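Me: I have a model open and want to learn how to read its features. Can you take me through a few?

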Amino acid sequence: MDCSDQKIRTQNPRGKAGLFNILLFKYAFNIIYTGTRRNLNMDDIYEVLPNFEASQLYSRMNQEWQKELKTSKNPSIFKIFLRMFGWEFALWGIGIFIAVLFIGDMAHTIVMGKFMTYFEPGTNVTLKEALLYASGLIGAKVVVQLYDNTYLLAVWSIGLRMQIACNTMVYRKCLRLNSKNQNNHGRAVTIITKDIAQLLTVADCAHMLLIGFPKFFVMLYIMYTYIGVSALAGAAIVMATVPVNALLGILISKYRLKTAAQTDQRVKITQEMLTAMRIIKMHTWEKFFSNTIDKRRGKEMKILRIVYYLKAVVFAIGQLSYRFAFYVCVLTYVALGNHVTAEKAFVIIGCFGAFESLLTDYMPNGIPQMAEYKASLLRITNFLMLEEVPTPLSGDIHNSIDRTIDLKGATVTTEGATVLAGISLNVSGGLTVVAGPTGSGKSTLLKLLLHDVPANSGEVNVCGKVSYASQEPWIFPSTIRQNITFGESFNEKRYQRVIEVCALIHDFNALPNGDQTFVSDRGLNLSRGQKVRINLARAIYKEADIYLLDDCLSSVDGRVGKHIFHECIKGFLKNFVCVLVINNPLPLEDSDNVIVLNKGRLEFHGTFNNFKEWNNQEVKLELNWDALYESQNSEKNEAQALVPNEACSANVYEEFNKEGKVKKSVYYAYYLCGGGWKIFLIVAICSIAAHAAASWTDYFVSFWVDMEQELSAFRMNQTTNLPEYRNLESRYEIIMTTYSLVMLAAAVFTVLQALTFYFFTIKASIKIHKTVIGKIINAFMTFFDNHLSGNVLNRLSRDVTIIDEQMPCVMLDSLKVILSMYGVLIIITSVNWYFIIPSIILTAVVYQTRRMYMNTGRCLKRLEGAARSPLIGHLTATLEGLTTMRASNAQARLSNEFERHQDLYSSALYMNLATSRAFGFYLDATGTIYSSIIIFSFLILKTDTRAGLVGLAISQSFSLLGLLKWAARQWAELETQMTSTERLLEYRDRIVEVPYGKIPDSWPSTGAIKYEGVTLRYSSCGKTALKDLNFHIGSKEKVGIVGRTGAGKTSIISTLFRLYDYEGNIFIDGIDIKSIPINYLRSKLSIIPQDPVLFSGTVRTNLDPYCEFLDEVLWDALEEVGMKNAFANLDAEIMTGGTGLSVGEKQLFCLARAILHNNSILVLDEATANIDPETDTLIQKTIKQKFTNCTVVTIAHKLRTVIDSDSIIVMDGGVICQFGPPKSLLEDEEGLFYRIAQQARLVS
């Protein structure tokens, strides 16, 4: 569906990188350097690496999925991932296990203890040995850092490949969903943007949990060898947190599933809203949809709030447990009468430092994340298990020399209702028309032939290659030519013939870029007639044996309809099987076949000659063609599009990306949405207090060690009876008591920090979403004309998910790490003020490194978001046109295109990950140099610093390595994720329809309409759609508007409803409508649109969303249009788009809406174009009865529907060429209306 040429992209240098290159991340230098000089764009994205190609990963996963389906009643994606990536996962896990446990923890802890003995009084350790120990400390860190960054990128790559495989699996599943499951739009989008997106870090998270517990027992053994049973007291505290975290993880998983279900519903409703904004605005339903989305959002956030509060508890446990465990360990060791040495103290600190990552990161984050991963995998599995269309799919259903359709006793039931009952028929050649009343099963019959709906019983045999044109035209965002050829090989001769027989040549000649003109979502910048003919041309262009055409002539005017019937159906398709559903008479030949359906039963099947003699009292059809195919303009073309058309851009879903750093205004807006300075001040106080207390507990160790050394000296000298010793013991007791109180304060403020912070972020998420939805739903129609719904939905799904679920964790981590880092720097400099110099240098280097990287990181994050839009847009377009796609046998082509979009997104994401790890690697290197300076300064420079302070400075400098890397990474990640807030807030600044004005009393009372000099352009540089219109419609007049498709008829309605800005004045009952609040104006106008739209919900919400009427009134309205028996109750469910109802039934439903409000002005916008004559008669009769005292404006293709009007406006090229009573217009034999009537056989 993408009209852009496929770019030849630069190969990713990672593909040919050697070991040295990989370890030092040299392959990422080029893109980082480019990012420092200019902003990156889509042309800078590399070609996807071979092992990340979507097609290969899909093939592997689908093969494993099929095996799983055959061998297990409960298929497991987890088992599939193990078979696909298990060995790779295990090898990297073994490597990180060795690097982290044996080198990073064990060796480092033991060597640290040995090194500290050098600073004890009376030590036997020489300077040479101390230098050796110091080199060992630095060497261990260098080895870990070399492996760790490469490892992280590798395991993220495993997660990325899981994402890619699942995305393609979900998309291909969407192509096979049966009719019952085709309404899972929101669910599919949420699974891709939320559930699958979480898989990125699953491998890393799993490794950390698997490594964490062996690591715990190894470090416990080391502690035990140094301090004996006291180690077990601290270990008991650590072990006690495991079941607590596990329980919290289960709860988080449970609520995560509930949140996802609410997200599905919110996204589905949002998608419905975006694709039907014109109807929503005309009915003034903005508030209803805004409230509905807000209600869904409220339920979603209510559950998410519980998740966050659970995470706050997990966070607090993680932050406090290792400190509390160390505290218990210390008290136990002292209570047993032991005295500590520097070596023992810092071995214990090293062991608990190893515990810290387990307790503050692996368990608090890992267990809930694994619970969420489990929930996501369950949702993905359940989606992949949904029912599919029966095989074989449509397309080449059976290859046979004979072109035949054979049904034997075929029955179709939907939700207990029989749609087709025991249909038996045989069609072997020529034209076959399918007729019947509204809701008789005509469209379902075609879908049965396509195998798009399953037969519950009977046989369906279709021999030949099938092509299909749907009743509701499906147009996707691309060029018109792409919409017609739809991936078929281009045949210039056939193509020209097809556009000729489908009456499109004049349209293409008039469009600015011909058939290369770009069309937007659902063809919103085309008229209904143009969309229908393009949809038909797609079906005709495909070379097939059998053509199934579902009512493709109703929405075009008479001359064009006659042309298509004779040139296309009776001419171009004369040698093929053509099954045509009709709702209006056609000039049939006696040899043509006729099928008549009624209430799902086959009432007649024979030739048209026999049909003329057929008489059925229950089914009254008029198929004799006399004056039904009227022409409304035999010479003028109909190519005036509704909005300006442009040539196809390089990328269908291309988005404008902001450049440079995220502005401070975005952060400020987030801050305000979170509650402003009051809440932020509380968060800041709690955070600073929590980290100050935590830093003091770290500082306590130095007091403890130094005091123990002093006390040991008194004991060794047997001078414990001196006053200094007693004072020292008193101070010791005070410090231990203070330590206990500070631990309590740290616990309280850590919990408060997490709770207040999550309260702040939840409030910000709710406010941002509510503000943006309000702006979008009240935006001018030009916004929806210029923004593809897939792009908008991408921001309202994936970007909202980032703000909801990822950004709060990143922000809390950033706050925690930055405060911890400042605490460490303060502690280090307090040991020796000379350390402030390397600390300042370190800070400056880190800032400069970050500054160099940040533009690259921001640009790649924005490009990642922009590359994601085609995925979502392509998915939503696919879900809207599934039947057409399957009928065109286009699944492979569409899958290939989705995989191209996926490959571009994967490459952008991988580049972002690789550059972020390169950034982390060089931060690690900087931190290692800083630690080396601290360590060797104690050895080389003469110092009398006590062992406790030396150990404190060194241990803190090593902790600074991790903090520095994490702080810079999270700082960068925060800014890149803040681009999601930036992308959403772009919509906040949109100009909206302001409901200003004064509401007149009892207005409108008569319904008189007057246009004075009205001119309409859909954009400042676009063509004029209406040119200086001047006319007056009197009170209660019935006025018809006729003219070729695109002549400006619908544009008149657009100005009447103020959907677009216009020049001139429009008066209703003498009052300029610009002076009236826009929602009030629209509420006083009723419309029955040409495209009937129903939304997911109930009968009640579709009829009366604001609950203004009593149930009796609603039932009366349904009875007036013959729909009362169609629903069991007013709370009966209506599926998205009114699935299960025919177009005619949906149109009757729309008429019931108009009857309810009984406004003095009614607009019919080609409302009867797609329905059968019986339903048309019912609608016309109802309108005459119910709207006698109303002004009725009717836009019509069928001249007979308006020939009895009081006046008729004849439009041509955006101007009124004639206006007056039909009789007067017919007297002007040179006028356009006379020629229209003449060709309609209304005059001789």
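Reply: We will go through a helix, a few charged pairs and one loop residue. Keep in mind that this is a predicted model.

Me: What span should helix α26 have, and what do its end C-alpha atoms show?

Reply: Work from the rise of 1.5 Å a residue. Helix α26 covers residues 891–940, which is 50 residues, so it should span 74 Å. Its end C-alpha atoms are 72 Å apart, and that agrees.

Me: Is α26 mostly covered or mostly open?

Reply: Mostly covered. Of its 50 residues, 40 are buried.

Me: How do I read a salt bridge?

Reply: Start with the general idea. Side chains of opposite charge can pair when their charged atoms come close. The cut-off here is 4 Å between a side-chain nitrogen of Lys or Arg and a carboxyl oxygen of Asp or Glu. By that rule the model has 37 salt bridges.

Me: Which helix holds both lysine 67 and glutamate 64, and how far apart are they in sequence?

Reply: Both sit in helix α3, residues 54–71. They are 3 residues apart, about one turn of the helix. Their side chains form a salt bridge, 4.0 Å from N to O.

Me: Why does lysine 67 count as partly exposed, and why is glutamate 64 called buried?

Reply: Look at relative accessibility. Buried means under 20%, and exposed means over 50%. Lysine 67 has 42%, so it counts as partly exposed. Glutamate 64 has 13%, so it is buried.

Me: What does the salt bridge between glutamate 899 and arginine 172 look like?

Reply: The side chains meet at 2.5 Å, N to O. Glutamate 899 lies in helix α26 and arginine 172 in helix α5 (residues 127–176), so the pair ties together parts that are 727 residues apart in sequence. Both residues are buried.

Me: Where do the partners aspartate 1131 and arginine 1100 lie?

Reply: First, the contact: their closest N and O atoms are 3.4 Å apart, in a salt bridge. Aspartate 1131 is in the loop between α31 (1111–1120) and β19 (1133–1134). Arginine 1100 is in helix α30, residues 1099–1103. The two are 31 residues apart.

Me: Which residues join into one network through shared partners?

Reply: Glu64, Lys67, Glu68 and Arg83 are joined by salt bridges that share partners.

Me: Now the loop residue. Is aspartate 452 buried or exposed?

Reply: Buried. Its relative accessible area is 4%, which is under the 20% cut-off. Aspartate 452 sits in the loop between α12 (442–449) and β5 (457–469). A polar contact of 2.8 Å joins its side chain to that of threonine 883.

Note on methods. Residues numbered from 1 in each chain as written. Predicted model: local features only at pLDDT ≥ 70, side-chain atom pairs only at ≥ 80, totals over all residues. Heavy atoms only, no water. Helix = DSSP H or I, 4+ residues; strand = E, 2+ residues; numbered from the N terminus. Buried < 20%, exposed > 50% of the residue type's maximum accessible area, 1.4 Å probe, protein only. Polar contact = N/O pair within 3.5 Å; in protein donor to acceptor, adjacent residues only side chain to side chain. Expected span 1.5 Å × (residues − 1).
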